[in-house]
Structure formats: structure tokens, C-alpha cells
4 protein chains.
Amino acid sequence: MWQGVLPAVTTKFTPEGDLDHAEMERCWGLLLDAGCDGLIVCGSLGEGSMLSFEERLATLKTAQRIAGSKPVLLNVAEAGTREACELARAANKAGASGLMIVPSPIYHTEPRETVATLRTIAAAGDLPVMIYSNRVAYRVDVTPEILEDLADDARFVAIKESSDDIRRTTEIFNRLGDRFDVFTGVDNLAFEALTAGAVGWVAGLVVAFPRETVAIYRLIKAGRYAEALAIYRWFRPLLDLDVSTYLVQNIKLAEAIALGTNERVRGPRLPLFGDRRDRVEKLVRDAIATRPNLPPLD
Amino acid sequence: MWQGVLPAVTTKFTPEGDLDHAEMERCWGLLLDAGCDGLIVCGSLGEGSMLSFEERLATLKTAQRIAGSKPVLLNVAEAGTREACELARAANKAGASGLMIVPSPIYHTEPRETVATLRTIAAAGDLPVMIYSNRVAYRVDVTPEILEDLADDARFVAIKESSDDIRRTTEIFNRLGDRFDVFTGVDNLAFEALTAGAVGWVAGLVVAFPRETVAIYRLIKAGRYAEALAIYRWFRPLLDLDVSTYLVQNIKLAEAIALGTNERVRGPRLPLFGDRRDRVEKLVRDAIATRPNLPPLD
Amino acid sequence: MWQGVLPAVTTKFTPEGDLDHAEMERCWGLLLDAGCDGLIVCGSLGEGSMLSFEERLATLKTAQRIAGSKPVLLNVAEAGTREACELARAANKAGASGLMIVPSPIYHTEPRETVATLRTIAAAGDLPVMIYSNRVAYRVDVTPEILEDLADDARFVAIKESSDDIRRTTEIFNRLGDRFDVFTGVDNLAFEALTAGAVGWVAGLVVAFPRETVAIYRLIKAGRYAEALAIYRWFRPLLDLDVSTYLVQNIKLAEAIALGTNERVRGPRLPLFGDRRDRVEKLVRDAIATRPNLPPLD
Amino acid sequence: MWQGVLPAVTTKFTPEGDLDHAEMERCWGLLLDAGCDGLIVCGSLGEGSMLSFEERLATLKTAQRIAGSKPVLLNVAEAGTREACELARAANKAGASGLMIVPSPIYHTEPRETVATLRTIAAAGDLPVMIYSNRVAYRVDVTPEILEDLADDARFVAIKESSDDIRRTTEIFNRLGDRFDVFTGVDNLAFEALTAGAVGWVAGLVVAFPRETVAIYRLIKAGRYAEALAIYRWFRPLLDLDVSTYLVQNIKLAEAIALGTNERVRGPRLPLFGDRRDRVEKLVRDAIATRPNLPPLD
């Protein structure tokens, strides 16, 4: 159902800390212009947990305004199933293309609970669902066994695979064939996952470097592995910024440098400072200085 | 400022899933009757993350109604600092005795952020604060270094030490003397922590076995270690239920057996089932069957 | 200097527990006939730590007898640097093609110690060296930084990359270009590592399934990724047996089934038993039953 | 059978790297004079893995010469069961009081293998055995369940509990009563383990600070917890040096400062250098400067 490069976008704030819809439109528009295949809002990169219910719906609407016919997904990552269902229903009413669902971001569900909460939220939202499996961040693993259990509900169409173990991609294919659209959710495993058969990339650094991200994706899908690998090697120091406790601040700083936007975050986050900031800034500037020429993509 | 046994109470629900204030009054009253020194509401054992803002304040009020002059603390564990401040202000207005604050339950703050968010929330609430340090559950560690940094704000009066490493108790004393009231927050390290100098116990199994918990505490504080150790050894298989992904369900089942209450939980949790349920049920029944006679506590 | 598929062979024992040189010749000969590019003896899969000094040299000689002009490497994995140097000198004298060196299998060296011991052992052996970097098994990591430090000694020609993180392959290329021959040492990351640029595969399951292993390697190097991936997906449940505490017993059982050899091990290992044995046996038999036809390789 | 403070002594080397028996006699004699209850040689702190078979027996003999009627144990920690049995037999012949046995320091045995290898080595040595359980260093855990399985062989008399989890002490008592002499093997958990019922302390920093170690032990056993705790708090920064990858170098540096001995180690270890050395040196000098007066122990 879905494929390609789906940016998990950052949320833009005004100096007063409110949503800056104009700046979101500008930045996200650049991604769509560069060839991205849709948008995912209010994910962990979008500081979804620090946004109110109403702010999340407003952010969704802004994305819908500029996405045209491309899909826009809203991330659902509530501590309680009740609240998750409420948000899922509101997303449906607001016309979202689909939901990305984190099974349980606070309590670490065991498999039967994982299945139950995913089914309950999906039924409430009644939209196509990308399951977000990230045992590293949330200590809940949506394993191939669990996917098999969920396969009878057609709402579950995709899996965002963020187990941090590249082996999982092949395990899903071996167990489930192409029942689910497999997306990699880990920027610095993307070449490996896409080469092993993933059909999409829920991407992070794409928000600052959309053309390079799209190029890697399309070159791999065209069987032009060597060309893709060359860009990927250049891109890797930046992609590593996505796999970090500080991914939001890292990527917002990269955006600020690359796109001329701001890097405001909400508490408890602070913008990067000190050595860490210096290192990230240098990485981004070095990457820009050595930016490869992209080959024609067809 | 605070000391003794402070139960982190569970939240009681009606069959419809709403708050059951009458049952909370009944169960919590048993704890106070048994000699507990106060109450902490809406913690992780209280499913605080699955309660709405209003429900948390209502739960606080119920606890205040029965606690008399003993302190009642409200747990604050919000993903965003903004929402945490809002809850802290409401707790103050509602007359809470103090706050227990989790620095950042979703994002893993680095030390400067940990300090900043704790200071901000404490200032908003303007109440005495017990800092809840639990690097295992939240992957944010409030180290002795950070405590030292926070020591200049007199609102920070206590630390709930749940690092899961008994060494930490001595490290806090070595660095900070008795600046902070050190509470152990790990049931099955309580004998060790209290013997090493902790002044209080934020307890879990106490909600089902209050008299035994209070006895261990008081015996240690009276220097009657051997008597305390004998009860503790009997209690350990139960206390282990507090150090588990399934602590809420474990302890609610223990309460159901010991106090004749229900074990309802909110999603994504399910009540225990299968082998795990059988094991816990057997543990609780065996413990009840071998319950020790408690010595006079003076 | 080296490339291709290098089996880390198992050691064969007689019913009395002594070395069974005839059976080693038979089994290893099958590997070379199937197109393997050399042999590595006395590695962890070869139970090197359970062999005496003399047994290791005898095993080396057996391998040399049948390898012809293909390289034979001896693994050096001694707790003490003194003993490692002694073995390295003996390997040189015995005409080994090279050494595979584990920096420190008991004590966990810090980087300066890692460099010092690797340099000392390499100098004593004065042979080409493949550095065996396996932080999972030995908790010593030979990072790209350390490789850079070692690059001035021409004896260090190759790295067996077993960090269990596929990202490392690209990191080595980004930092060191092709200074070192990068081998993957993790069977179930081999497709990913070889497509990302590794030039060789120190393989495990190859000892039971040599033709399939060689086919995957050669197809990737010929740019025929889709054909390689199809075989790899079939092979994955078997390759997973290499990434296990019980890899020796797993792989010896696979060999016993596939090649009609025995699965004897030395203590403290016992042959597989119970459910684990049943699972492995079923995996191997299922794989044999569904063995793919291999495409012509040139 | 055994109890009290048993130092796991360091091994002394001459400038040429050979054993320095005279210096070992001098240093170990200080420990016995201070009231230690025996000696354990060739443990991990004694760099046993870097000593030859003959050197280990020579070290044992040196310890026996000065220990008088106090017990001397030889550590057995061989990769292969065959070699472990050989060493155990030699220790018996040399008149060792007992063996400390590490089940399997390279391969990570599963429980049935752990039991089998421990039984085999104990039978070969036919001496009283202290089982060394250290899942952190060796990733093999001798659990209470395994102890229960081994309890029918009277040779197993003691357990050196180094699981790094203080809970384990109580778990052993709850499951096995006093069938085994429980020793703590973790310096900076010693107060906690001894107050929870352990009967002995296999100690590390004792080699530099024997009188303080013995004082803590005896005060606890006399029920004088507060006096013991005061010394323990002073001692903790030093005791932390025992729980470190660099424990050998740390403790040898402490010995060098406190006893005027040398700190030579065997490769792959290097003596401490840089910031780490400065920190340890400062810790030791600060501790000496603030050394508490020890109360009379009667």
C-alpha cells in the first residue's frame, strides 16, 4: 500500500513555543518537492509526546494541506489504550491517510497485551496502520510471530522495522512473505535493509537532505547498488545522528544549517550545546562541503 | 522531612473502568491503620500514566481525605515539562503535601536537561519534592552528582532511590551526608538499604501486607536486625513481585487475595493469566500460609 | 591479500577424545572441493581453547596437507601475551600462511593495551595477520580507530569483523578505505556485509553447506544480488546457528547430518540435548529437504 | 567449613617477569598478621590465567609456607575440563586445603554443562570446593537451583557469590539454608552481604588494607553494625576499585602505595597510566590520609 521515502518530520515552534504552521509548510514542502512519497507527523522525531491532543490534530491538518495526493500518517503513541483510541478516532475524522502506532510507549507489554492493544487501537481508528516496532526505544518488540498473529486484520498494512537488527528484515520476509510493507525506520541501516528487500524508508535526516535520501532509495530499487552505496557512505556520518538519544536536537540542528530554519525544541529537551553541538555542526558542514553529485534517477 | 513507610498505592477501578473512590478509601485506610507513614498516589504502581489530569487530582483528594495529618504525595511523570508544571501547580492548589517527580519518562535527558526540568517543575509546584530516580525504568539517572547540583533548592527534600544498585545508598551518604532523605524504592533491596542508612521505604507489597512491611522498617530502625531479617526472608518471594515488568498486575493480584479487593487494570495492561498468574497466586497463598508472628514493636 | 570464503573449521575427535586427523582431512577436503578459498583452524568453532599447544600445531599441519596453495591460518587466542607469542612463533616455524589473532580473550584490554598486545603477537609471529574483532564474545573491541593506529604495520592485512553490528563494515571503509581486507565473521550478517563491500567471509555453516555458502559469495561479487538473496533467505535459519552460545554443538550436529561425520566435543561442552537438539535437527533436515538449485556461477 | 576474610592475593613478579616468591611471602605475611583467615592464590586478581601450570603450583607452595594452619585455596579456571582436572589433581597432591573453581571461563555453559563440569573437576581434585559464581565476568551463573543440584556432593562446601546482585545472598539462604558457606566476592557489596547473613568475604582491597577489612568483618559478626558502617563508608571509594575491568592494576597500585611493593603485571595488562592512574592514586592517598581509628575488636 505504501512505499518509498516517508519523512518523519520535525515540528516547528515559534519563539513563544507555539506551533509554527507556516514554517512547517515551507520545510515539508521542500521534502515533497525533492520526491518524498508522503509525510508522517507527530512521531518521536516530531516531539509528538510533547504536543497536546489538539496540537497533534492541527499538525496533521497542516501536513494534509501540502501533501496533495500523497499519504499523511499520524503517529499514535499514548501510554494508555483509551487515549490512543481517542486520538485514532480523531485522526480518522480528520481524514488522515493512516496511522503509525507505537504499541505501548511506557508500560512494556507482553505479546498478548501487544496484540490486544494494537487490535483495539486499529479498530478504533479504522484506518490503514503502519506498526512501529522499536524495542530499543520502547522495550516492546513486535516480532514476526506477533505480525503473523495480526495478519488477519487487513488494517495492518505496514511495519516500521526499528529493532536495530538488520537480520529482522529477512526474518519478516521468511515468515510472512510480502504480507506487510516493510519499512526500515533506522537511517543508518537503510542501505542494508533496502538491499535485503524492504520497500520503504521512514527517514530522519531526509528532513535536511531530502534529495540524497531519495536518490539512495531509487538507485537501490533500480538495481544500481554501487551508485547508491557511494552516496550512502558519504551520508553515513549524518545518518548516524538519527540513532541517538539526541536525534531530535541533532536533526533540528542539521535542518537549521541546511534549510535555514530554527532548532527550537520543547522541554525537557534543550538544544545541543558544548562539545556535542560542535561535533554535530562540524559533521553537517563537512557533509555539505563534500556533497556528491547525484546521478540522474531516470 | 519525610521518613518511614510510604506506600505507592494502586488505583482502584469500577467494573466500568472508572475510579472507585470508595474502594480506594477502604484499602488505603488499612495501610494507615497498620502504621504506614503517608501515601503516594498516581505513581507507576498507581497507573498514573493511564489516568487523566482530572482523575489524578481526584485520586489525590481521596487520599487526603483519609490520611489525616500524614503526608500525601502526588507523582508527576509527564513526557513534557510544560504538562508536568501544570500538574505540579494543580497539586499545590489542591493542598498536596509534596510531589514525587520523575524527571523525564519518555525522552532520556542528559544531566543538564535533568537538572533543568527538575528545577522548573519544582518551582512551578512550589512544594517539597521527592526526586524519583529510576534509571532502569526511565533510563534517566539522577546521580549523586546531580543531587549535589540540586541541593541549593530547599524544595528538594528527598530521593527515592531506585537505581537497582544497593551501592548507591552509600554513595549518596558519602557525597551528601544527610542533605536528602534517602528512601529506597525497590522492595527487594529494602533490608539492605535501610541497614545501610536509608530513612524511608517507598513500598509496593505493603499495599497487600502492610503490617509486615512496617515491622521490618521499625525493627531495623530499632537496631533489631536479626528479627527484621527473619521477616524479610519470609517476605522476599513477595517483594520480588515489585521488581518486574508486571508489578502492577502482580501486586493487584496480591491485594485481591490478601484484602478481598479486585485486580482491575487499564489497557494496555491485562490482568495476569496463564503460568505467570498461577505462579504469583501460589507465591501469595504460600506466604499467607507461613505468615510469621510479628514481634511487639514497642 | 585474502578474500573469498574461509571456513573456520571444527576439530574432529576420536571416540577416545583424541584428534581424528583422517576425519578432518575428509571433511575439510569437501570444503576445498566446493570452492572454499582457504582454511582457518583452532578458532572458537574449532574449540581451540580446549586443545593443547601441540594439538593445535598438529591440526595446523593436517590442514596444510590438504589445502595446497590455498592459505591456512591458525587462530591465536591466549589469555596471556607471552603464551600467544610462543604459539605465533611456532605457527611461523610450521609454515602457516597467516594468523588470526584474538586480542585478549579473558582480560578486557583497553585500547592502548589492545594495540600493544596485537603488535607484540604480530611481531613474534612475523606472519600476515587477520585481526579477530569480536566484542560480543570477548568484550574487546578493535574499533576503526584502533585499526587506524595499527595500519603502519604491514603484517596486519585483514579484519574479521564480528562486532554484530552491520554498520561497522561501512565505518571501516569510511575511515580506512581498502587498507584492510574486511571479512565478515557473522554468518547471518553475511549478505548485508558483502553487499556493503566486505571482500570475504569467515564462515561457519559452510562446514556443513559449502556449496551454498560459496554460491552466495560469488553471486554477490558478480552483482547478482537477487539470486544471492534468494539462497540467503533459504539459508538464514541455518546461519542463525552460528550466532549462538552453542554454535560449536549446533554446527557439529549440522555437519553430522549433512556429511555423515560425528559431533563429539570436549568438556565443558556437551552435545546438544532435549528441545534444543530437536529444534536444530529439524532446522537442518528442513533445509536439506528444501535445498535450492544453485545457479551456474560463471 | 570456611569463614572470615580470605584475601584473593595478587601475584608478585621480578623485573624480569618471573615469580617473586620473597615479595609474595612478605606481602601475604602482612595479611595473615592482620587477622586474615586464609589465602586464595591464582584467582583473577592473581592473574592466574597468565601463569603457567608450574607457576601456579609454585605460588600455592609459597602460600602454604606462610599460612600455617590457615587454609590455602588454589583457583581453578581452565577453558577445558580436561586441563582443569589435571590442575585439581596436582593441587591435591601439593596439599592444598581446597579449590576455588570457576565453572567455565571461556565457553558459557548451560546449567547441565555447568553441573557436569563442576562435578568432574571436584571429583578429580577430591578436595573441599568453593564454587566461584560470577556471571558478570564469565557469563556462567551458578544459581541457587544449580547449588541445590550440587548439594549431594559433600566436596562443595562454599559459594563465592559474585553475581553483583545483593539479592542473591538472601535467595541462597531461602533455598538452601546454611548448606553452603556463603562468601561475598564483591568488595563493595560486603557490608550488605555480611549483614544479610554471608559468613565470609573473599576480599580484594584487603591486600592493601588488611586491618580495616578484618575490622569490618568482625564488627558485623559482633552485631556492631554502626561501627562497621562508618569504616565501610570510608573504605567504599577504595572498595570500588575491586569492581572494575582494571581491578588487578588498581589493586596493585594500591598495594604499591600502601605496602611499598611493586605493581608489575603480565601482558596483555599494562600498569595504569594517564587520568585513570591519577584518579586511583589520589583515591588511595586520600584514604590513607583519612584512615579511621579502628575500635578494639576484643
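Is Val202(A) buried or exposed, and what is its relative accessible area? In this predicted model, Val202(A) has a relative accessible area of 2% and is therefore buried, the limit for that class being under 20%. The residue belongs to strand β8 of chain A, which comprises residues 200-203, and it is covered by the annotation "binding site" in an unreviewed UniProt entry. When residues up to four places away in sequence are not counted, the contacts of Val202(A) are with Leu6(A), Ala8(A), Ile40(A), Met130(A), Lys160(A), Phe183(A), Thr184(A), Gly185(A) and Asp187(A).

In chain B, attention turns to Thr184(B), which is located in strand β7, formed by residues 181-184. With a relative accessible area of 4%, Thr184(B) is buried, because that value falls under the 20% limit. Apart from its neighbours within four places in sequence, Thr184(B) touches Glu161(B), Leu189(B), Ala190(B), Ala193(B) and Ala198(B), and its contacts also include Gly200(B), Trp201(B) and Val202(B).

The arrangement of strands is described here for chain D, in which 8 strands make up an open sheet with parallel pairing, in the order β1-β8-β7-β6-β5-β4-β3-β2. The edges of this sheet are occupied by β1 (4-7) and β2 (39-41) of chain D, each of which pairs on one side only. On average, and with direction ignored, neighbouring strands of the sheet are turned by 25° against each other. At the β2 edge, β2(D) is joined to strand β3 (residues 72-76) of chain D by 3 bridges in the parallel sense, and within this part of the sheet Ile40(D) has Leu73(D) of β3(D) as its bridge partner.

The relation between copies was examined for chains A and C. Two copies of a chain are, in general, related by a rotation about an axis and a shift along it. For this pair, chain A is superposed on chain C by a rotation of 180° with 0.0 Å of shift along the axis, at an RMSD of 0.0 Å, and the relation is therefore that of a two-fold axis. The C-alpha of chain A nearest the axis is that of Glu192(A), which lies 2.8 Å from it. Both copies use the same surface, in that 100% of the contact residues of chain A recur in chain C.

Conventions
Residues are numbered from 1 along each chain as its sequence is written. Chains are lettered from A and ligands numbered from 1 in the order in which they are written. This is a predicted model: local features need pLDDT of at least 70, side-chain atom pairs count only at pLDDT 80 or more; totals for chains, interfaces and linings use all residues. Side-chain values use heavy atoms; hydrogens and water are left out. UniProt positions are given in the numbering used here, feature names are shortened, and annotations may be inferred rather than shown by experiment. Helices (H or I, at least four residues) and strands (E, at least two) are DSSP runs, numbered from the N terminus. Buried means under 20% relative accessible area, exposed over 50%, partly exposed in between (1.4 Å probe, protein chains only). Contact means heavy atoms within 4.5 Å. Two strands pair if DSSP finds at least two bridges between them. Axes are lines fitted to C-alpha atoms, for helices over the stretch in contact, and angles run from 0 to 180 degrees between N-to-C directions. Copies are superposed by least squares on the C-alpha atoms of residues with pLDDT of at least 70 in both.
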